[in-house]
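Colleague: I have just been handed this one and have never looked at it before. Could you put it on screen and walk me through it?

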Amino acid sequence: MPKLLINGGRSLQGQVTVQGAKNSALPLLAATVLCKGTSYIHNCPKLSDVYASINILKYLGCKCTFVNNSVSVDTSTLVCRRIPDRLMLKMRSSVIFLGAILGRCGNAVISSPGGCELGPRPIDLHISALRRMGVIVKEKHGFIEFDAPNGLMGAEINLSFASVGATENIILAAVTASGTTVIHNAAKEPEICDLADFLNSCGARVNGVGSDTITIYGVNKLKCTSHTVISDRIVAATYMAATAITGGEIVLNDAIASHLTAVNSVFEEAGCIVKCIGKKIHFKAPKRLSSVPKIRTTIHPGFPTDAGPLILAMLTLSCGTSIIIENIFENRFRYVDELKRLGANIKVEGRVAVVEGVRSLSSASCKCTDLRGGAALVIAGLAANGTTIIDDIYHIKRGYEKIDYNLSLLGADVKEI
Ligand code: EPZ
């Protein structure tokens, strides 16, 4: 199994270009199913989750190519409407294909989504919304059948939680439904705005994304187009946290500062200098990081749950006590025990992690528990004295393209073996 080998103690310097956003690319690839013909998605990161989505598209009968971060999807030969079990279970977010397949075919079959490393990941909000849009849902043993015998109808939907995936699935089902759909308490993540930009460029009528209320006026059909994926705000935060913990100074190219306001204010509270100029972020770490008394993860535009592990890893070397309260996922701190192998002083009680900063970390062998938990181990390993070995890095490959290459460009001593 491949591992990452990190010789820590080198401060990061230089420039790095931020990859396209995984959490935008996945719903965009699903959305191509709604357009009969060939769509192009540019700036698509080379990630295992993207390859898994392309495999689903091929399984459905589409023809796909993926060259130099550009994906072409020809859906004219789409025949199937079932997401294969093995792929559904491999990548939980493949539930995002549900709305698109329903919008194109009027029915769909998926296997019941397993949980994931972050805890149970139900899809009750997706199901109740689709039922309101005229979909008959039959939960069978191990899989779920969705059928809209009279086609999808627009509906008024109140989300009890501003779920990103549910908001995206409703939009995908609503763009070619008959009538108008209104989503109250919608998620406001930038990736949802990116999805709406793509759909509107295909002729859809999606209004209000980025606010609590999204209105979608159904149209008859969508035409194929090309779209460039926005840059990945969590990957940007990862490079900033890696620079912060190693006392370095970098410039991020292709970063979107407006997507990072909550994260950047935490970096500044920890003593970092964050200068946003156009699509560049100039980031400089202090000599020693200050602790951040309280960080609460929440929905956008608040502090994102996915940046929690990155900031927690950085704060292991700050002076003082920091507290992170995780409000989105039940089981987000599984990586903490691995971080403690490097000498971090962290106590976890349920959804609260208390970090007592230490003077130094020491290298160890550790293993990834999930995607962002794996990134947290890389961040700590970059600052630890000695050689840290990180196993199960397939988790990291789900969300980071060439993380070893990019960190080496910034002066880190990181090798995949
Ligand atoms: C998206 O997951 C992201 N994934 C996650 O990123 C991100 O952490 C999350 O949004 C929150 O921002 C993708 O976009 C592919 P949710 P999603 O629906 O859509 C509960 C990463 O690291 N819930 O907002 O699954 C659910 O159990 C990943 O890139 C229900 O109870 O997030 C969870 O506790 C990790 N019922 C919470 O809501 C539902 O029907 C957040 O879920 C749906 C969700």
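Colleague: Let me start with the empty space: why does the largest cavity lie between domain 1 and domain 2?

Modeller: Keep in mind that this is a predicted model. The largest cavity lies between domain 1 (4–19 + 231–416) and domain 2 (22–228) because both of them give residues to its lining.

Colleague: Which residues line the largest cavity?

Modeller: The lining is made up of Ala21, Lys22, Asn23, Glu191, Asp232, Arg233, Ile234, Asp306 and Arg372. By type, that lining divides into two nonpolar residues, one polar residue and six charged ones. Helix 1 (22–31) and helix 8 (233–245) each supply at least two residues of this lining.

Colleague: And how much space lies in the largest cavity?

Modeller: About 50 Å³ of space lies in the largest cavity, and a search of the whole structure finds one cavity of 30 Å³ or more.

Colleague: OK, switching to the ligand. How many residues surround the ligand, and which are the closest?

Modeller: The ligand is surrounded by 23 residues, and the closest are Asp124, Leu125, Ser163, Gly165 and Asp306. Asp306 is also one of the residues that line the largest cavity. The shell around the ligand divides into ten nonpolar, six polar and seven charged residues.

Colleague: Which helices supply the shell around the ligand?

Modeller: Helix 1 (22–31), helix 5 (124–132), helix 6 (164–174) and helix 12 (371–383) each supply at least two residues of that shell. Helix 5 gives the most, with three residues. In terms of domains, the shell draws at least three residues from each of domain 1 and domain 2.

Colleague: What about polar atoms, say how far is an oxygen atom of the ligand from the side chain of Asn23?

Modeller: An N or O atom in the side chain of Asn23 is 3.0 Å from an oxygen atom of the ligand, and Asn23 is also among the residues that line the largest cavity. Backbone atoms come into it as well, since a polar backbone atom of Val164 is 2.9 Å from a ligand oxygen atom, and a polar backbone atom of Ile328 is 2.9 Å from an oxygen atom of the ligand.

Colleague: What percentage of the ligand's area does the protein bury?

Modeller: The ligand exposes 830 Å² when taken alone, and the protein buries 87% of that.

Colleague: Now the pockets. How much space lies in the second largest pocket, and which residues are closest to its centre?

Modeller: The second largest pocket holds about 190 Å³ of space. It is lined by 15 residues, of which Thr17, Val18, Gln19, Lys402 and Asn406 are the closest to its centre. The lining divides into five nonpolar, seven polar and three charged residues, and strand 2 (13–17) and helix 14 (403–409) each supply at least two residues of it. The lining of this pocket draws at least three residues from each of domain 1 and domain 2.

Colleague: Last topic, the backbone. Where is the cis peptide bond?

Modeller: A cis peptide bond joins His300 and Pro301, with an omega of about 10 degrees. Pro301 sits in the loop between strand 17 (295–296) and helix 10 (308–315).

Colleague: And which residue has a positive phi although it is not a glycine?

Modeller: That is Asn43, whose phi is about 60 degrees. Asn43 is in the loop that runs between strand 3 (38–42) and helix 2 (48–59).

How values were computed
Residues are numbered from 1 along each chain as its sequence is written. This is a predicted model: local features need pLDDT of at least 70, side-chain atom pairs count only at pLDDT 80 or more; totals for chains, interfaces and linings use all residues. Side-chain values use heavy atoms; hydrogens and water are left out. A residue is near a molecule or strand if one of its heavy atoms lies within 4 Å of it. A polar contact is a pair of N or O atoms within 3.5 Å; within protein, one must be able to donate a hydrogen and the other to accept it, and residues adjacent in sequence count only if both atoms are side-chain atoms. Accessible areas come from the Shrake-Rupley method with a 1.4 Å probe; for residues, only the protein chains shown count as cover. Helices (H or I, at least four residues) and strands (E, at least two) are DSSP runs, numbered from the N terminus. Ala, Val, Leu, Ile, Met, Phe, Trp, Tyr, Cys and Pro count as nonpolar, Asp, Glu, Lys and Arg as charged, and the others, Gly among them, as polar. Domain bounds come from an automatic or database domain assignment. On a 1 Å grid over the protein atoms alone, a cavity is a set of points where a 1.4 Å probe fits but cannot get out, and a pocket is an open set with protein on both sides within 12 Å along at least five of seven lines; lining residues have an atom within 4 Å of a point. Grid points are joined across faces, edges and corners, and a volume is the space filled by probe spheres set on the points.
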